[in-house]
Amino acid sequence: MKNKFPLVKRITGILYPDEDFRDWSIHKLSEIWGEPEIVSDPVAFDRTNYYRDISEHLTRIFLCFPGLVDATGLVEWKHEAINIESQSRQPIRAVNIDPGYIDGARLILASTKDHAHRIWLRDGIYAEVTMRYRFKNWASFDYTFPDFRSGVYDNFLTQVRKIWLREIRAENL
């Protein structure tokens, strides 16, 4: 049976200042989306000063959640992430959580910030095609964030894409 909406693999990036906030964030996300089936290796986040309000030293990991989900949930996922961020510390959040999804062709991330390369969805949320999968590699765009452009996350993205391919084939049998 053909699905009405695209089925994707939900992922999220987490920027955190220490292991306590990393573990706390994973726990909070697991409560709503299930235990992650893949957790990426941690990577020092040092390509921009944009999140210095959170901490001078940040690390990023990515999580991939089980099953295929409807891509139209991206707005809700971002609002859930914002809610978790707001619980992390007051008055300034201690973590940054960026949900998105992967399918066979792209990595989409949600954002609350408008820009020429972002598409308005609804309720204050935009979607960005951050990376595309082309010729068996992840390719960036001129607006792609430097850490993504560097290729440091490519292995994780490829793992998730392979899971998506396996699950989407099983779904379409």
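In helix H4 of this predicted model, the buried residues are Phe-156, Leu-157, Val-160, Arg-161, Ile-163, Trp-164, Leu-165, Glu-167 and Ile-168, a list that includes the charged side chains of Arg-161 and Glu-167 alongside Trp-164 and Ile-168. An α-helix has 3.6 residues a turn, so residues three or four places apart point the same way. Helix H2 likewise has a set of buried positions, namely Leu-74, Val-75, Trp-77, Lys-78, Ala-81, Ile-84, Glu-85 and Ser-88. The lengths of these two helices are set out below.

| Helix | Residues | Number of residues | First to last C-alpha | Expected at 1.5 Å a residue |
|---|---|---|---|---|
| H2 | 74-88 | 15 residues | 21 Å | 21 Å |
| H4 | 154-171 | 18 residues | 25 Å | 26 Å |

For H2 the span is close to the expected value, and for H4 the span is also close to what is expected.

Both helices take part in the surroundings of Val-8, a residue placed in strand S1, which covers residues 7-16. Is Val-8 buried or exposed? Val-8 has a relative accessible area of 0% and therefore counts as buried, the cut-off being under 20%. Leaving aside neighbours within four places in sequence, Val-8 is in contact with Gly-67, Leu-68, Val-69, Ala-71, Trp-77, Tyr-101, Ile-102, Asp-103 and Trp-164. Among these partners, Trp-77 is one of the buried residues of H2, while Trp-164 is one of the buried residues of H4. Ile-102, another of the contacts of Val-8, lies 94 residues away along the chain, yet the C-alpha atoms of Val-8 and Ile-102 are separated by 5.8 Å.

The wider architecture comprises 4 helices and 10 strands in the protein chain, and from the N terminus on these elements run β-α-β-β-β-β-α-β-β-β-β-β-α-α. Among contacts between residues at least 6 apart in sequence, 66% join residues at least 24 apart, and of the 173 residues of the chain, 47% count as buried.

As for overall dimensions, the C-alpha trace spans about 50 × 35 × 30 Å along its principal axes. The radius of gyration of the protein chain is 16 Å, which agrees with the value near 16 Å that a compact globule of 173 residues would have. The accessible surface comes to about 9,300 Å², and 51% of that surface belongs to carbon and sulfur atoms. The chain carries 24 positive and 25 negative side chains, and the centres of these two sets lie 7 Å apart.

Note on methods: Residues numbered from 1 in each chain as written. Predicted model: local features only at pLDDT ≥ 70, side-chain atom pairs only at ≥ 80, totals over all residues. Heavy atoms only, no water. Helix = DSSP H or I, 4+ residues; strand = E, 2+ residues; numbered from the N terminus. Rg over C-alpha atoms; globule rule 2.2 N^0.38 Å. Buried < 20%, exposed > 50% of the residue type's maximum accessible area, 1.4 Å probe, protein only. Contact = heavy atoms within 4.5 Å. Areas by Shrake-Rupley, 256 points an atom, 1.4 Å probe, with all protein chains shown as cover. Lys, Arg positive; Asp, Glu negative; His and termini not counted. Charge placed at Lys NZ, Arg CZ, Asp CG, Glu CD. Expected span 1.5 Å × (residues − 1).
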